[in-house]
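Here are a few exercises to work through with the model open beside you. Try each task before reading its solution.

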Amino acid sequence: MSYHDEPEEAMQNNGVVIGITAGGYGAEPYGEVEQGETDALQGYRVDEEVVDAIHVEVIMTTEEEEMIKKENQMRVITAVVCGMVVLAAIVIPVAVVVSNNNSDSESMIITPAATDPPTMSPTLSPTVEGLREVISGLAPVTSFETFQDRSSGQFRAVDWINEDPFVAENGLSPSDKRFVDRYALASIYFAMGGDQWTICGQSNPECDVAATSFGWLSNNDVCDWHMMICDGTDVRGINLGSQLPLNRRQTQLLGEFPSELTALTDLVQLHLKESRVTNIPTFLSALTNLEELNFEDNEVLTGPFFNFSAVDFPKLRVLVLTNNRLTGEIPSKHGTFSTIREYRAGTNQLVGQIPDSLADMSLLAYLDLSNNLLLTGQVPERIFDLTELRVLSLHSNRDLSGVFPAAIEKLTFLEYLRMNGTAFGGPIPNELYTLPNLQEISLRSCKFSGPIDQSVQNLTFLLKFDVGFNLDINGAIPDVFGEIEFLQVLKLDNTGLTGAISEAVCNATGNSYGEIKELVVDCSIDIPDGCNATCV
């Protein structure tokens, strides 16, 4: 716009219209201005100077308008950029916090509480802070250093239980026994290969072997987990060993026990037949309520034999450690187990003599020290004073020696006598044939001598009689064997017996119930035609 153009707008000032041009070399009123009204003007453009004015519109050139427009645009852009920077400064830290709260807890940095842990709230949210509180609450059970290893069974267990719906739904906290039991079982599961279970585990919870049980780490009470035993809500037993063989192999515990096992203070039974436990930890003695311990057929179980006493396990009734690789001598302090009924340690690598103190286990019903190979010496005669014995199994210990004392007649409850493959010898006492409940007499490959007395017929429940490979057993084969109603196995081979098999014995042979299915004698024995016997 040139200074000759008309102004875009006129303004009233005390009734006088004032027009101002911009861009010229002077100022020129559009109308007459009275002297008294000139004070109303604050200023106008004179000699190329722009003077601010009130109630006056400054008229600019196109170039000036463009310049102002660009300046305003730059101000807007600058304001927007600044706003975005401020917004980013607020949003990004918040996003990081949220992301950290939702990320895998293995990426968390956990620090111990500087003071005593606060009282736990009934429910815990699955947050870093919640995890810290749980770890602090479990301090009496697991050390903080253990939790530092994020691959440990304990850390995986606490991470799991921190987000466990069952805990939240039931208002449990680390001060509750049910919470601690749940955490301890989860630690055992993660530390001992529970991830490898093919049934009844976290990744495959189906337990079709027991329709009423649920997989370990399920959202159910631990008392409903697979093969758990409870009294109310108190955990009394882990019974994985009592399943069918296939199911035992699908739910094996592997390796060493974590110390969290001792948190199961009410545990009465620990039955892990056919698992893969590798040691018997010393801290096991903390389970003072334990009554049954069964690690049969773990095979990889090594280390010293069970080095505990009744001081550690005052209620122990069953100790089964058969078919493992345990070493060392049988501790004489085992005689202090006054409540024990079943003591089974066959097929290990035990050495030395059988302690006389074992005869102090007056309630003992089942004694098995078979197949240790390196047991030596005389079997204490006092063993035959254990009047509660049902099973006496010392077989396959070739350096064990001794004779049957007349006191054997006290074993009126004895059902199975297995001494084969030992150096036991001497005459077979007639007192043996007075035991009314005997079902098996296995004396094969020993050093027995003398005849077999006719009083053997008194053993009315006898199923098996084997004295093969006792070269000094002599005399005739008693015909009364044909009168023993339930006899199924009769082995008399490689002995000094002579004569013939009686008709009564031959008539008792056969494959039906109540018949002798296996009759084995020396080929020097006369076997009647049609007699179902084998000579070797």
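**Exercise 1: a backbone outlier**

Classify M227 as buried, partly exposed or exposed.

Solution. The relative accessibility of M227 is 21%. Buried would need a value under 20%, and exposed a value over 50%. M227 therefore counts as partly exposed. Keep in mind that this is a predicted model. Next, place the residue: M227 sits in the loop between α6 and β3 (228–231). Finally, look at its backbone: phi is positive, about 60°, although M227 is not a glycine.

**Exercise 2: another positive phi**

Find the loop that holds E299 and describe its phi.

Solution. Start with the loop, which runs between β8 (292–294) and β9 (302–304). There, E299 has a positive phi near 65° and is a residue other than glycine. With a relative accessible area of 39%, E299 is partly exposed.

**Exercise 3: a helix pair**

Describe how α2 (residues 128–137) packs with α4 (residues 153–162).

Solution. First, take the axes: they come within 10 Å and cross at roughly 120°. That angle makes α2 oblique to α4. Then add the handedness, as α2 passes α4 in a right-handed crossing. On the α2 side, the contact is made by G130, L131, V134 and I135, and on the α4 side by F155, V158, D159, I161 and N162. Sorted by class, this contact has 6 nonpolar, 2 polar and 1 charged residues.

**Exercise 4: the core**

Which residues touch the most other members of the largest nonpolar core?

Solution. Among its 119 residues, these are I238, L270, F306, Y343 and F465. By element, α6 gives the most to this core, with 9 residues.

Note on methods:
Residues are numbered from 1 along each chain as its sequence is written. This is a predicted model: local features need pLDDT of at least 70, side-chain atom pairs count only at pLDDT 80 or more; totals for chains, interfaces and linings use all residues. Side-chain values use heavy atoms; hydrogens and water are left out. Axes are lines fitted to C-alpha atoms, for helices over the stretch in contact, and angles run from 0 to 180 degrees between N-to-C directions. Helices (H or I, at least four residues) and strands (E, at least two) are DSSP runs, numbered from the N terminus. Angles under 35 degrees count as roughly parallel, over 145 as roughly antiparallel, 65 to 115 as roughly perpendicular and the rest as oblique. A crossing is left-handed if the near helix is turned anticlockwise from the far one by less than a right angle, and right-handed if clockwise. Contact means heavy atoms within 4.5 Å. Ala, Val, Leu, Ile, Met, Phe, Trp, Tyr, Cys and Pro count as nonpolar, Asp, Glu, Lys and Arg as charged, and the others, Gly among them, as polar. A nonpolar core is a set of buried Ala, Val, Leu, Ile, Met, Phe, Trp, Tyr and Cys residues joined through side-chain atoms within 4.5 Å. Buried means under 20% relative accessible area, exposed over 50%, partly exposed in between (1.4 Å probe, protein chains only).
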